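Reader: I am new to this structure and would like a close look at its unusual backbone spots. Please take them one at a time.

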Amino acid sequence: MTLVDRDRLGALLADEAERFRASHPVSAQLASRRGEHLVGGVPMTWMRRWATPFAITVERAKGSELVDVDGHRYLDVCLGDTGAMAGHSPEPTARAIRARLESGGLTTMLPTDDAEVVADELTRRFGVERWQFTLSATDANRFMLRTARQLTKRPLVVVMDWCYHGTVDESFVVLDGALTRSRPGNVGPAVDPATTTRAVPFNDLGALEAALADRQVAAVLTEPALTNIGIVLPDEGYLEGLVELAHHYGSLVVLDETHTISAGPGGLTGKLGLRPDGVTIGKAIGGGVPIGAWGLRAELADAIVADRDADLEDTGGIGGTLAGNALSLAAARATLTEVLTERAFDEMGAVSHELVRRERALLADHGFDWSVVELGARSEVRFVSPPPRTGADSARAADVDLDRYLHLALANREVLLTPFHAMTLVAPTTTLAHVETYLDALADALAPLAR
Ligand code: PMP
């Protein structure tokens, strides 16, 4: 690991914070007004996570660029932490939204003619044949886990140590030695998640088998590459082994492709030809309009629909009045069929690959022994080399101050990184000129650290 002078880093952080305050007076004023009637001074407390002294207030965003109320125009490689991976307000999606608004009927508790197109497209990409819609990826995961327990008549789920699948109660666990424990900071859990869940390290088939062997596990829920504790890529053969082991012990496999869709049109499921029982997704597929989707193999979907003990139509715990609404599905249809197309993924992958290639060279030139992990249109700088193979290794590789500095220094140079990681996401609207902008900003931010 490259050692960074901590005193210098502290001084640089203070300078950058001062520079940010001075250059964002309108955002500062609005942020202070927001304190009065908003919990934590923001509409959603995650917005406090940015490394900036206060959240910038957005005026507008289009494609890969975002303009704030102080007139700064940023290159946005956060892209709403994947919610805007299609680029901000892509034209086909905007057109579909306008058409739906004008024809009228945004939410009716009845289908329009978009759902089957979206479901066909998701089936083609991910292989599982029957889909339902929600308003978030969180809900898609929640309903998937309920369905898995109902179908298998088993009580437990397996997730990866340091996973994130949205605000899904069962997933808020980490390993403490060999024990599964509630994740630090878990807010008011209804039950101790250690009673519902077994955590296992990513890339460890032995630990997975030990967790499955007593046949108490309804489903293994995982991202095919971890992306929420830094990106952790699967070892070769790991995911295939996971599917095989789970099926051997009668557990279902659910792959959460919400972030890993960056790997290609069908995420890593499509790219590696995996055969999960369920796939969950959200964020990007609505082009910015809230939507989640969960897909099951046909046989499982038929079984849950036929299950007389499962109330899918009213108060059985699976629902959402606005789920499957006309606006979400119109947006998803346009986004999937016209924006996040196969060709777009090819181009996004190529732009991202160029970014990674040059970023690696830039880091080496500055003497940083770091690594850059690549997952299609998504990549991330890790402050260690080689990159971590498990969630716990990845958590240990974090460097809070360094991370904070990079985010803040880049924001001052008009580049927005996702607040949770040093992660860059490429949209169909991200160009090689944007890559240049990003690398220039990064080089400028790193120069005083490298001295
Ligand atoms: N799954 C994964 C892999 C995610 O990264 C996230 C959010 N970061 C979610 C699910 C939940 O998405 P949402 O917050 O939109 O429900």
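Author: Start with Pro-386, which sits in the loop between β14 (378–382) and α12 (391–396). Helices here are DSSP runs of H or I with at least four residues, strands are runs of E with at least two, and both are numbered from the N terminus. Residues are numbered from 1 along each chain as its sequence is written. The model is predicted: local features need pLDDT of at least 70, side-chain atom pairs count only at pLDDT 80 or more, and totals for chains, interfaces and linings use all residues.

The peptide bond leading from Ser-385 into Pro-386 is cis, its omega being near 0°. Most peptide bonds are trans, and most residues other than glycine have a negative phi.

Two residues depart from the second of these habits. Met-109, not a glycine, has a positive phi, near 65°. Its place is the loop between α3 (91–103) and α4 (115–126). Met-109 counts as exposed because it has 9 C-beta neighbours inside 10 Å. A residue is exposed with 12 or fewer other C-beta atoms within 10 Å of its own, buried with 20 or more, and partly exposed in between, the C-beta atoms being placed from the backbone.

Glu-414 is the other case: phi is positive, about 65°, and the residue is not a glycine. The loop that holds Glu-414 runs between α13 (400–412) and β15 (415–416). With 17 other C-beta atoms within 10 Å, Glu-414 is partly exposed.
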